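Thanks for sharing this one. Here are some notes to read alongside the model, taken point by point.

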Amino acid sequence: MNLARSFTALNKLLNFVKITRTCVAQSHSQPALTAETYNVKRGNYSTTNASDLDTFRDIVGGNNVVTEASELQGNNVDWIKTVRGQSTVLLKPKTTAEVSKILKHCNERKLAVCPQGGNTGLVGGSVPVFDEVILSTQRMNEVISVDPFSGVTVCQAGCILEKANQDLLEHDLIVPLDLGAKGSCHLGGNISTNAGGLRLLRYGSLRGSVLGVEAVLADGTVLDCLSTLRKDNTGYDIKQLMIGSEGTLGFVTAVSILCPQKPKSVNVVFLGVDRFEDLLLLLRKARQDLGEILSAVEFVDSDCIGLVGKHLKLVNPIGDYDFYMLIETSGSNSQHDEEKLSSFVEDIITSQLAKDGTIATDFNKMQSIWKLRESVAEALTHDGYTFKYDVSLPAHVMYDMVHDTRKHLKGLYNSVVGYGHLGDGNLHLNVTCPEYNKTIASAIEPFVYEWTAKHNGSISAEHGLGFKKRNYIQYTKSKESINLMMKIKEMFDPNMILNPYKTLPDKL
Ligand code: FAD
Ligand code: MLT
Ligand code: ZN
């Protein structure tokens, strides 16, 4: 037990935690074609021909029109290698004007388009299903402006999250979003998925921090909602429709984000806990005692720790427990934070709510603790085909879902694990199996969606619906809402060229 350790070294922690992990490609082989696995019928779209390619070359330059099958392989397959498209062309525009010309042409020719950022999405939304043109933000990576006084930052959509955060640190600012895929995901992708991540507890949803969006509509119209104002109640807030619409309503080209100050003092505590109920008591106590400095509350179960150890050789710094909790504080006065944290830690040890734990007193240790949590997604990819679920649930039933899924699947799996953003009521339930097959798939779904709906949860807390979950939207949204969504889609994109087969269900 090293919780009682002195906190003097905390004063040295002036840098905000930033994990510099880059997404690693998985080891298993190519997945089968999505269209075949899921028996999808191709929409009535044109096929790209030589003249289309010439038009694209005129717009973005020959080097930025990729047609080599080998070069397209990575863009056709998702990060967890579960879906595979058949695109034959990838376009890499640099400017909004180029995107506008591309979409105008695609709309006139009725060519389907799949917007793509860092391709780290986990619901099959970022890769084509058939031969959609992949429109990438890879080259749209300029920071347009940073206002160090207000924190308002304007960037092109292809800025990589981690790089943007590093640039902002020079102005004593941070991006109000952090996630394990930070080394690869793009701000445009983050906004298009309304990504949640590890800082949501402190800074809230991107819907609050994004002040403006510039997007190109399906017909090439540039929609300038790139406001930098905090307050603007003039009519409907169209940019909110772009946030979280997963590339089905427009192609995001630039964003304006309200970025908070870099905290001066950051601490991380990693705890071993016997029961899920104790995690909830600890969460409440952390809210009560740490108050305004609390910046993250995450949990993983013992199987997750086993997997990151087995597949990635990450070392658990404390003993073996059923659950582990990561608590981060971020504040502006290290002495004040230190006092609060020591008293919190003393209490939870005395009351035996936490059985063991360690406090990160230096940057590297904080990083390695965060890595244990952030690497679960990667470790799972080494454990087999991963069925991923990302649900919002009332906290008290959260882990029951993991127990019930294990019981329901009667050993049909390699692992069933639970981890996630405890402080946000967001569970990641993941099931790994030796390979994808329909028997396992139908044992898992719709079971998990029914379970979620029965407990008044959401079937997608933060990852979106993409390709995989769109036909389950009715477990969370009413018929009336879905109907309205379909009308909005028709209005924004009458030819349905933007990210077909994604987000909205096949039928109501
Ligand atoms: P992509 O994967 O390329 O695309 C995602 C969706 O957005 C697709 O539907 C795509 O068509 C659309 N899109 C992309 N760019 C644009 C654009 N410019 N205009 C319009 N549409 C666009 N997600 C969370 O919410 N929280 C997490 O904690 C989290 N952790 C993760 C950890 C790991 C290791 C990994 C691999 C993923 C994680 N994710 C998480 C999921 C993923 O990283 C996020 O959804 C991220 O926001 C996707 O960004 P991207 O640039 O990779 O987008
Ligand atoms: C996470 O919180 O680790 C991400 O959302 C990725 C995942 O769900 O595996
Ligand atoms: Zn998550």
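Helices (H or I, at least four residues) and strands (E, at least two) are DSSP runs, numbered from the N terminus. Please keep in mind that this is a predicted model.

1. A loop residue to look at. Asn 456 sits in the loop between α17 and α18 (479-492). Its phi is near 60°, a positive value in a residue other than glycine. Asn 456 has 69% relative accessibility and therefore counts as exposed, the cut-off for that being over 50%.

2. Another positive phi. Lys 110 is not a glycine either, yet has a positive phi of about 60°. The loop that holds Lys 110 runs between α4 (96-109) and β3. With 29% relative accessibility, Lys 110 counts as partly exposed.

3. The cis peptide. Glu 445 and Pro 446 are joined by a cis peptide bond, with omega about 10°. Pro 446 belongs to the loop between α16 (438-444) and α17 (447-454).

4. The zinc site. Which protein atoms serve as donors of the zinc ion (ligand 3)? They come from His 421 (NE2), His 428 (NE2) and Glu 462 (OE), at 1.9 to 2.1 Å from the ion. Along the sequence, these donor residues follow the spacing H-x6-H-x33-E. Both histidines are below the 20% cut-off for buried: His 421 counts as buried because its relative accessibility is 3%, and His 428 counts as buried because its value is 4%.

5. The cavities. There are five cavities of 30 Å³ or more in the structure, and the largest holds about 860 Å³ of space. Its lining comprises 48 residues, with Thr 120, Gly 121, Leu 122, Leu 179 and Thr 193 nearest the centre. Elements giving two or more residues to this lining include β9 (251-258), α13, β15 (415-421) and β16 (426-433). The most comes from α6, which gives five residues. By type, the lining of the largest cavity has 16 nonpolar, 26 polar and six charged residues.

6. Helix α13. This helix, one of the elements that line the largest cavity, covers residues 363-374. Its twelve residues reach 16 Å from first C-alpha to last, close to the 16 Å expected at 1.5 Å a residue. At the start of α13, a side-chain oxygen of Asp 362 comes to within 3.0 Å of the backbone nitrogen of Asn 364. Which residues of α13 are buried? They are Lys 365, Met 366, Gln 367, Ile 369, Trp 370, Leu 372, Arg 373 and Glu 374.

Conventions: Residues numbered from 1 in each chain as written. Chains lettered and ligands numbered in written order. Predicted model: local features only at pLDDT ≥ 70, side-chain atom pairs only at ≥ 80, totals over all residues. Heavy atoms only, no water. Expected span 1.5 Å × (residues − 1). Buried < 20%, exposed > 50% of the residue type's maximum accessible area, 1.4 Å probe, protein only. Polar contact = N/O pair within 3.5 Å; in protein donor to acceptor, adjacent residues only side chain to side chain. Donors = N, O, S within 2.8 Å, 3.2 Å for Na, K, Ca; no water. 1 Å grid on protein atoms, 1.4 Å probe; cavity = no way out; pocket = protein on both sides within 12 Å on 5 of 7 lines; lining within 4 Å. Points joined across faces, edges and corners; volume = space filled by probe spheres on them. Nonpolar A, V, L, I, M, F, W, Y, C, P; charged D, E, K, R; others polar.
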